[in-house]
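Colleague: Please take a close look at the paired charged side chains in this model, and tell me how they are placed before I go back to the bench. A few words on the surroundings would also help.

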Amino acid sequence: MSTYESLRRQCRTLEALVNDKLTAYSRLAVTLSSGQSGDLEQGSAARWSDMEEEIEGLVEKLRETNDEMAKLMSESQVEVTASMGHSAQMHREVLEDYVRDFGRAKTNVRGALDRANLLSNVRSDINAYKAARSSATDSLLAERGRIDNSHRMTDDVLAQAYETRAEFSRQRSSLAGISARMSGVLNSMPGINSLIGMIHSRRRRDAIVLGCVIGLCFLALISFMGR
């Protein structure tokens with residue numbers, strides 16, 4: 001009986017451990033299903049694998065203990081009471097419930113991890129798309145800035161050209177005004193035109209006389225040198 005009691009206490013201890021670990025493991029599935037996958041993104045997926053291995057080890061020990069209890073009760077020298085049979089059956093059912101719950105929780109966790117990985121990949125793709133789009137937008141903005149600078153330079157050149165043209169127009173107007181005033185002065189003093197004409201005529205006459213004198217001197221010089 002002492003051996004049976006020892007196995008029963010061991011079953012209860014293992015059942016309590018499996019229940020605690022299975023509760024924590026099931027909570028993982030709820031956390032991942034709710035979208036709180038921060039731990040997964042931080043590289044803690046290995047911890048979930050460790051939890052699975054630990055639960056599987058405890059379940060296996062609980063199964064072995066149940067098998068030992070059944071083997072002990074099947075021996076002829078051990079008197080099996082109704083309470084012992086009922087207790088062994090209860091431990092066996094608890095083991096089956098844990099195995100079933102663990103399988104269901106594992107499926108939920110696997111599905112949650114797959115969804116979390118898919119969501120992470122989608123987010124990465126979205127971020128990459130946003131980064132590429134932002135880069136293209138920056139390139140377009142830079143190109144637009146260069147075009148705007150070219151337009152401003154063109155506007156400056158045109159403005160300078162218009163200003164130069166206006167300055168030429170002002171100078172032409174000033175020269176036309178001066179010419180008009182000079183013409184007015186000359187027209188108001190008719191004797192000046194005659195005087196200017198006489199001066200020009202005298203200059204031409206003096207030039208002719210001077211040319212003749214120079215020519216005669218040159219001929220005289222040649223004649224003198226020819227003797």
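Modeller: What follows goes through the charged pairs one at a time and then turns to their setting.

This is a predicted model, in which local features need pLDDT of at least 70 and side-chain atom pairs count only at pLDDT 80 or more, while totals for chains, interfaces and linings use all residues. Residues are numbered from 1 along each chain as its sequence is written, and side-chain values use heavy atoms, with hydrogens and water left out.

The protein has 5 helices and 0 strands, where helices (H or I, at least four residues) and strands (E, at least two) are DSSP runs numbered from the N terminus. Read from that end, the elements follow one another as α-α-α-α-α. Within this framework there are 8 salt bridges, each a side-chain nitrogen of Lys or Arg within 4 Å of a carboxyl oxygen of Asp or Glu. Side chains of opposite charge can pair when their charged atoms come close.

The pair to begin with is E54 and K21, whose side chains meet in a salt bridge with 3.2 Å from N to O. This pair links distant parts of the chain, since E54 belongs to helix α3 (residues 45-74) and K21 to helix α1 (residues 2-33), the two residues being 33 apart. E54 has a relative accessibility of 38% and therefore counts as partly exposed, the class that lies between buried (under 20% relative accessible area) and exposed (over 50%), with a 1.4 Å probe and protein chains only. K21 is also partly exposed, because its relative accessibility is 31%.

Two further pairs are set within one helix. The side chains of R100 and D97 form a salt bridge at 2.4 Å, N to O, and both residues sit in helix α4 (residues 82-188), 3 residues apart, or about one turn of the helix. R100, at 44% relative accessibility, is partly exposed, and so is D97 at 33%. Further along the chain, E143 forms a salt bridge with R146, the closest N and O atoms lying 2.4 Å apart. E143 and R146 likewise both belong to helix α4 and are 3 residues apart, about one turn of the helix. The relative accessible area of E143 is 36%, so E143 is partly exposed, and R146 falls into that class as well because its relative accessibility is 48%.

As for the setting, the helices α1 and α3 that E54 and K21 link also appear in the nonpolar interior. The largest nonpolar core has 25 residues, a core being a set of buried Ala, Val, Leu, Ile, Met, Phe, Trp, Tyr and Cys residues joined through side-chain atoms within 4.5 Å. The elements that give two or more residues to this core are α1, α3 and α4, and α3 supplies the largest share, 9 residues. Y4, Y25, L62, M69 and M73 are the residues with the most contacts inside this core. If its neighbours within four places in sequence are left aside, M69 is in contact (heavy atoms within 4.5 Å) with Y4, L7, R8, C11, A88 and H91. Over the protein as a whole, buried residues make up 17% of the 227 residues.

Away from these pairs, L216 has its place in helix α5 (residues 190-226), and L216 counts as exposed because its relative accessibility is 58%.
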